[in-house]
Amino acid sequence: METRSRVGAQASAVVGGRPATGGVDGYLRAPFPWYGLDEAFTGPRWLMQVASSTDGSVEHGSLGHGDEPSVRYEAAEDKERFAVVVTVADQPVRRSADGTGVLDATTVSSAAWLAGLGLLSYTWPLQMDHSLRDDWLEQQTETAWVLADDLDSPAWSTLLLPVDGEATTFHYRESEFGWVLAGSTGHGVHLGAYGRGMSAYGLGFSAIEDIAAYA
C-alpha cells in the first residue's frame with residue numbers, strides 16, 4: 001500500500017467532494033480510462049474531483065451517481081441514495097516528482113482506502129456534538145487505513161460484480177454509515193466505490209466513453 005503521507009495527500013481530493021475544479025478538463029488529462037456505473041444505472045451522474053501529482057499528472061478521481069450526498073447529521077433518517085466510483089491509476093514503485101524519495105506502487109488497497117475516506121467525508125453520526133467530530137473523524141480515518149491495508153481480514157467479504165461485462169472479484173465491507181468496495185479492472189486502473197441507500201450487490205461498472213455526460 002502507499003505510504004501514509006502520499007495517501008493522505010491523494011485523499012484530500014476525495015474528501016473535497018463536488019464540484020470538480022475546472023470541470024471536465026482534469027478528467028480529460030488522464031492517460032487512463034475513467035470508470036463509472038454501467039448503463040443499467042439510469043439516474044443522475046455528476047463530476048467530483050481529480051487528484052494530480054506535483055508534476056501535474058492525474059493519479060485518481062471520483063464520479064458520482066444518484067443523489068448528491070450531504071453530511072449525514074442533517075437528517076434523523078438518511079434517505080439519500082448514491083454511489084461514488086473512484087478510479088486509481090495502476091502505478092509501479094517510482095521516484096517522487098521532486099526526486100527526493102520513492103513512492104510505493106498503487107494497489108487495490110489504495111482504492112479501498114480512498115473509498116473508505118470518501119464515505120467518511122459524508123458521514124456524521126447522529127447526536128454527535130460538532131466539537132467532537134474532528135476526534136471521531138481521526139479515529140475512523142485510522143480505522144479505514146488499517147482495514148484497507150488488510151483486505152484479507154474478516155472485516156471484508158467478496159463480491160462478484162461485472163466490470164466491462166466480465167465478472168470481477170471485489171473486496172466489500174459494510175458499516176452503519178454505508179458500504180465500501182475495491183477491486184482491479186485489469187485495464188490499468190484499480191476501482192474503489194462507496195455508497196449509501198443504494199445496494200452494492202446489483203452494481204456494474206464500465207469504462208466511461210464520454211466523460212462530458214457527467215458534467
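This tour moves through a predicted model, from the whole chain to strands and then to single residues.

**The whole chain**

Begin with the protein chain coloured by secondary structure, where 4 helices and 11 strands can be picked out. Of its 215 residues, 51% count as buried, and the chain exposes about 10,200 Å², of which carbon and sulfur atoms supply 51%. If contacts are drawn between residues at least 6 apart in sequence, 63% of them join residues at least 24 apart.

**The nonpolar core**

Next select Trp34, Leu181, Tyr194 and Phe205, which touch the most other members of the largest nonpolar core, a set of 57 residues. Then add helix H3, residues 108-121, since the largest share of this core, 9 residues, comes from that helix.

**Strand S4 and its two partners**

Select strand S4, residues 82-89. How many of the residues of S4 are buried? The count is 8 of the 8, so the strand is largely enclosed by the rest of the structure. Colouring alternate residues separates its two faces, with Phe82, Val84, Val86 and Val88 on one side and Ala83, Val85, Thr87 and Ala89 on the other, and every one of these residues is buried.

Now show the strands that pair with S4. Strand S3 runs antiparallel to S4 and is joined to it by 7 bridges; in this pairing, His65 has Ala83 as its bridge partner. Strand S10 also runs antiparallel to S4, with 8 bridges between the two, and here Thr87 is partnered by Leu191.

**His65**

Stay with S3 and select His65, which lies in that strand. Is His65 buried or exposed? Its relative accessibility is 0%, so it counts as buried. Two polar approaches of its side chain are worth displaying: one reaches the backbone oxygen of Leu63 at 3.4 Å, and the other is a polar contact of 2.9 Å with the side chain of Tyr214. Once the neighbours within four places in sequence are set aside, the residues in contact with His65 include Gly36, Phe41, Trp46, Arg81 and Met198, along with Ala83 and Tyr214.

**The salt bridge**

A search of the whole structure finds 1 salt bridge. To see it, select Glu80 and Arg196, whose closest N and O atoms are 3.7 Å apart. The pair links distant parts of the chain, as Glu80 sits in the loop between strands S3 and S4, whereas Arg196 belongs to strand S10, 116 residues away in sequence. Both Glu80 and Arg196 are buried. As background, side chains of opposite charge can pair when their charged atoms come close.

**Strands S8, S9 and S10**

From S10 (residues 189-196), move on to S9, residues 178-184, a mostly covered strand in which 6 of the 7 residues are buried. S9 pairs in the antiparallel sense with S10 over 6 bridges, and in that pairing Ser184 stands opposite His190. The two strands form a hairpin with 4 residues between them, and in the turn Gly186 has a positive phi of about 80°.

S9 is also antiparallel to S8, the two strands pairing over 5 bridges, with His171 opposite Ala182. S8 and S9 likewise form a hairpin, here with 2 residues between the strands.

**Trp179**

Within S9, select Trp179, which has a relative accessible area of 5% and is therefore buried. Which backbone oxygen lies 2.7 Å from a polar atom of the side chain of Trp179? That oxygen belongs to Met198. A distance drawn from the C-alpha of Trp179 to that of Ala193 reads 8.2 Å, for a pair 14 residues apart in sequence.

**Asp164**

For the last stop, select Asp164, in the loop between strand S7 (157-163) and strand S8 (166-175). Its phi is near 55°, a positive value in a residue other than glycine. Asp164 counts as partly exposed because its relative accessibility is 34%, a value that falls between the 20% limit for buried residues and the 50% limit for exposed ones.

Definitions and conventions: Residues numbered from 1 in each chain as written. Predicted model: local features only at pLDDT ≥ 70, side-chain atom pairs only at ≥ 80, totals over all residues. Heavy atoms only, no water. Buried < 20%, exposed > 50% of the residue type's maximum accessible area, 1.4 Å probe, protein only. Salt bridge = Lys/Arg side-chain N within 4 Å of Asp/Glu carboxyl O. Core = buried A, V, L, I, M, F, W, Y, C linked by side-chain atoms within 4.5 Å. Contact = heavy atoms within 4.5 Å. Areas by Shrake-Rupley, 256 points an atom, 1.4 Å probe, with all protein chains shown as cover. Polar contact = N/O pair within 3.5 Å; in protein donor to acceptor, adjacent residues only side chain to side chain. Pairing = 2+ DSSP bridges.
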